[in-house]
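Here's a quick briefing to read alongside the model. Have the structure open and follow the topics in order.

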Amino acid sequence: MLRVGLTGGIGSGKSEVSRRLAARGAVVVDADKIAREVVEPGTPGLAEIVEAFGEDILRPDGTLDRERLGAIVFADAEKLKVLNGIVHPKVGERSERLQREAPDDAVVVYDVPLLAENNLAPLYDVVIVVDTPDEVRLERLLRFRGMPEADARARIAAQASREDRLRIADIVIRNEGSLDDLEAQIDKIWQDLSERVAPSA
């Protein structure tokens with residue numbers, strides 16, 4: 001089994017890379033997706049968040065108002081730390097279970113947005129960083145997610161810098177061009193990963 005950490009800042013296109021690796025046969029463990037699952041209604045995770053931040057962060061249907069919570073924690077480092085302290089251990093437990101269920105010869109790709117921020121690089125055999133200039137990421141957040149510019153800038157500022165991410169990279173995917181460019185890079189990388197996990201003759 002080859003454990004691959006995949007990371008990139010918000011708006012870098014990391015989810016697109018993750019999808020394309022999954023299409024080639026990678027077992028993808030998506031930390032963002034798991035983070036949503038562990039705070040669904042009825043979970044201990046959601047109960048702890050309500051206890052920490054109050055009922056105001058719930059929508060009328062009882063689900064988490066992610067936008068409201070995001071606006072609170074991304075403006076206050078201490079509150080972000082509280083939220084991460086609730087969610088991250090639960091994401092870790094679920095991720096470990098998915099890994100245990102993967103075949104021995106799998107390329108397991110962990111899609112981890114905060115890999116650099118949480119110093120998680122040593123957990124992986126290979127770290128892939130999706131690198132995109134900040135101004136391109138900002139433009140994508142405004143155009144494709146409809147995010148207000150102040151919020152987009154705050155999200156980018158709350159994450160690791162490009163330099164911090166590149167420092168931990170074993171493989172860098174430059175994602176500021178076309179999807180064809182991206183596809184060509186992923187083809188080469190998948191070949192490399194497949195060779196690393198293949199038993200040597």
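Let's start with a salt bridge: the side chains of Glu 37 and Lys 33 meet at 3.9 Å, N to O. Keep in mind that this is a predicted model. From that pair we'll move on to other charged contacts, then one loop residue, then the way the domains meet.

**The Glu 37–Lys 33 pair**
- Both residues sit in helix H2 (residues 31–37), 4 residues apart, which is about one turn of the helix.
- Glu 37 is partly exposed, with a relative accessible area of 23%.
- Lys 33 is partly exposed too, at a relative accessible area of 46%.

**Glu 48 and Lys 90**
- Here's another salt bridge: Glu 48 pairs with Lys 90, and their closest N and O atoms are 3.0 Å apart.
- Glu 48 belongs to helix H3 (residues 44–53) and Lys 90 to helix H5 (residues 77–101), so this pair ties together parts that are 42 residues apart in sequence.
- Glu 48 counts as partly exposed because its relative accessibility is 33%, and the partly exposed class runs between the 20% and 50% cut-offs.

**A network, and the overall tally**
- Glu 16, Arg 19, Arg 20, Arg 24, Glu 183 and Asp 187 are joined into one network by salt bridges that share partners.
- Search the whole structure and you get 20 salt bridges.

**Lys 14 and Asp 111**
- The side chains of Lys 14 and Asp 111 form a salt bridge at 2.5 Å, N to O.
- This one links distant parts of the chain: Lys 14 is in helix H1 (residues 14–23) and Asp 111 in strand S3, 97 residues apart.
- Buried or exposed, Lys 14 and Asp 111? Both are buried.

**Asp 65 in its loop**
- You'll find Asp 65 in the loop between H3 and helix H4 (66–73).
- Asp 65 is buried because its relative accessible area is 12%, and buried means under 20%.
- A polar atom of the Asp 65 side chain lies 3.0 Å from the backbone nitrogen of Arg 68.
- Setting aside neighbours within four places in sequence, Asp 65 is in contact with Ile 57, Leu 58 and Arg 59.

**Two domains and how they meet**
- The domain assignment splits the chain into domain 1 (1–26 + 106–200) and domain 2 (34–104).
- For the contact, domain 1 provides 9 residues and domain 2 provides 8 residues.
- The C-alpha centres of domain 1 and domain 2 are 22 Å apart.
- How much area do domain 1 and domain 2 bury between them? The figure is about 800 Å², with 57% of it on carbon and sulfur atoms.
- Met 1, Ala 106 and Arg 155 account for 49% of the area that domain 1 buries against domain 2, more than any other three residues.

**Polar side of the interface**
- The count of salt bridges between domain 1 and domain 2 is 0.
- Polar contacts do turn up across this interface: 4 residue pairs, both partners at pLDDT 80 or more.
- On the side of domain 1 that touches domain 2, the elements giving two or more residues are strand S3 (107–111) and helix H7 (149–158).
- The residues on that side of domain 1 divide into 6 nonpolar, 1 polar and 2 charged.

Notes: Residues numbered from 1 in each chain as written. Predicted model: local features only at pLDDT ≥ 70, side-chain atom pairs only at ≥ 80, totals over all residues. Heavy atoms only, no water. Domains from an automatic or database assignment. Contact = heavy atoms within 4.5 Å. Buried area = accessible area lost by both parts, 1.4 Å probe. Salt bridge = Lys/Arg side-chain N within 4 Å of Asp/Glu carboxyl O. Polar contact = N/O pair within 3.5 Å; in protein donor to acceptor, adjacent residues only side chain to side chain. Nonpolar A, V, L, I, M, F, W, Y, C, P; charged D, E, K, R; others polar. Buried < 20%, exposed > 50% of the residue type's maximum accessible area, 1.4 Å probe, protein only.
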